[in-house]
Amino acid sequence: MTPVIDAVSVIADKRDGRELTDEQITWTIDRYTRADGVADEQMSALLMAIYLRGMTDREIVTWTRSMIDSGTRMDFGGLRRAGRPVATVDKHSTGGVGDKITLPLAPLVASFGVAVPQLSGRGLGHTGGTLDKLESISGWRADLTTAQMHSQLESVGAVICAAGADLAPADRKMYALRDVTGTVESIPLLASSIMSKKIAEGTGALVLDVKTGSGAFLSSSDDARRLAETMVSLGTAAGVRTTALLTDMSTPLGLTAGNAVEVAESLEVLAGGGPADVVELTLALAREMLVAAGLPDADPAAHLADGRAMDTWRSMIAAQGGDPDAPLPVAPHVEVVRAASSGVLTSLDAHAVGVAAWRLGAGRAVPGAAVQAEAGVVLHAKPGDAVVAGTPLYSLHTRTPEAIAGAVAALEGAAVIGPMVVGADRDSRPLTRPLVLDRVTV
Ligand code: URA
């Protein structure tokens, strides 16, 4: 006999620490997606119960599968480039400050003949969104049909676009609730949200960039490792070749956090320059992706140096209506914040910089609001750099000068300047943590 399931008993079971059955999970997600028998307030209560009680591995697998089944799966199995079947490989970051890596990475990997279907998101809280950044390029559009994605993957190799409404719609609804109910930072909910979309997207291989540190959703490295292990297991069990890098997000990546300012920095990387940490992480992730695509000997640094990654970037932007030669928008108001003392910058808090960029207009306060393309923070020093009192620490870029006070307040205490240590200069950086902390596989 089919068990009778109702939302209240599912919530009460999880609240009291009982493991949910597969039937309870599939019923709840199906009914919530169809708005038939599970209301937003009931899902909010269940999400909080999951946040507090956690989930077993079996529950996470079933929860993720039910979210995938709430929509349609994409299939890139028949893709061809230059007349041959082609491997698909995607990268997903758990979100950080100044994390513009997708921008140089997708065209770089595609320049080796691999297909990179990169479904990306918009900014969330203090973390930036790849689509918001790319929209600062004149004419560029994020919304493509599945047929347009296929055709661009075959002709250019790289697509960065928004997920269609039918890709894991349960996650779309649930994510909006989690954002406003304090339930984002839960390992089962993060893992199932990310992996349902990545598995439904139909990529053959996936490389995860799991962040840890103040600018990440999970600041403890033990939690980040558990998240990485959970996601790698989910991907592998679903037949997606999945590996993860655990990476540091205690300080922003590169020297920019915002929209157009991050595109400009990505162009420096594609032109063979750019900040060392952005280049290092781009290359580390590119190597992982190329190995997963069956190209273990490929040398991604060579394609940054010789312009092949830049050529693919230009084709990718143009294919989505963008003008790769158009000047990027520039903020009419720039406020410079200066160092209060001399010494060496011992730390620079990623979360504070993310909040400052968001307050300047780079992120949104309410879902669906417009962001300012020109808003963001430009850093003039990174941990390990010597600084002199009175010299610039940050430049705050915005279209709305009334936002500057809030950004300055967010940055209060974010930069710690300590006594000068012998050898603490831009080249040796003895005070910095390694960027890639570990690699996680099954
Ligand atoms: N990105 C997602 O897709 N889901 C989350 O829960 C967090 C970041």
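Which residue stands opposite Val207 in β7? That's a handy place to start on this predicted model. The partner is Thr243, and the two sit in a pair of strands, β6 and β7, that run parallel to each other over 8 bridges. To get from β6 to β7 the chain passes through α10, and this β-α-β crossover is right-handed.

Stay with β7 for a moment. Of its 8 residues, 7 are buried, so to speak of it as mostly covered is fair, given that buried stands for under 20% relative accessible area. β7 also pairs with β15, this time in the antiparallel sense and over 4 bridges. If you want a spot to click on there, try Ala244, which stands opposite Val440 in β15.

Now for the helix in the crossover. α10 covers residues 221-237, which makes 17 residues. From first C-alpha to last it reaches 24 Å, close to the 24 Å expected at 1.5 Å a residue. At its N-terminal end you'll find Ser220 acting as a cap: a side-chain oxygen of Ser220 lies 3.4 Å from the backbone nitrogen of Asp222. After the other end of the helix comes Gly239, with a positive phi near 85°.

Which residues of α10 are buried? They are Ala224, Leu227, Ala228, Thr230, Met231, Val232, Leu234 and Gly235. When you look at that list, it helps to remember that an α-helix has 3.6 residues a turn, so residues three or four places apart point the same way. The buried residues of α10 pack against two helices you can pick out, α4 (57-69) and α9 (187-201). They also pack against the strands β6 (205-212), β7 (241-248) and β15 (436-440).

On to the ligand. Around it are Tyr175, Arg178, Leu190, Ser193, Ile194 and Lys197. Some of these make polar contacts through their side chains. Arg178 has a polar side-chain atom 3.0 Å from an oxygen atom of the ligand, while Ser193 puts one 2.6 Å from a ligand nitrogen atom. For Lys197, an N or O atom in the side chain is 2.4 Å from an oxygen atom of the ligand.

Last stop: another sheet. Here 3 strands form an open, antiparallel sheet in the order β12-β10-β14. The edges are β12 (386-387) and β14 (415-418), each pairing on one side only. Strand β10 (residues 343-348) meets β14 over 4 bridges in the antiparallel sense, and Leu348 stands opposite Ala415 in β14.

Note on methods: Residues are numbered from 1 along each chain as its sequence is written. This is a predicted model: local features need pLDDT of at least 70, side-chain atom pairs count only at pLDDT 80 or more; totals for chains, interfaces and linings use all residues. Side-chain values use heavy atoms; hydrogens and water are left out. The expected span of a helix is 1.5 Å times one less than its number of residues. Buried means under 20% relative accessible area, exposed over 50%, partly exposed in between (1.4 Å probe, protein chains only). Contact means heavy atoms within 4.5 Å. A polar contact is a pair of N or O atoms within 3.5 Å; within protein, one must be able to donate a hydrogen and the other to accept it, and residues adjacent in sequence count only if both atoms are side-chain atoms. Two strands pair if DSSP finds at least two bridges between them. A crossover is right-handed if, with the strands pointing away from the viewer, the path from the first strand over the helix to the second runs clockwise. A residue is near a molecule or strand if one of its heavy atoms lies within 4 Å of it.
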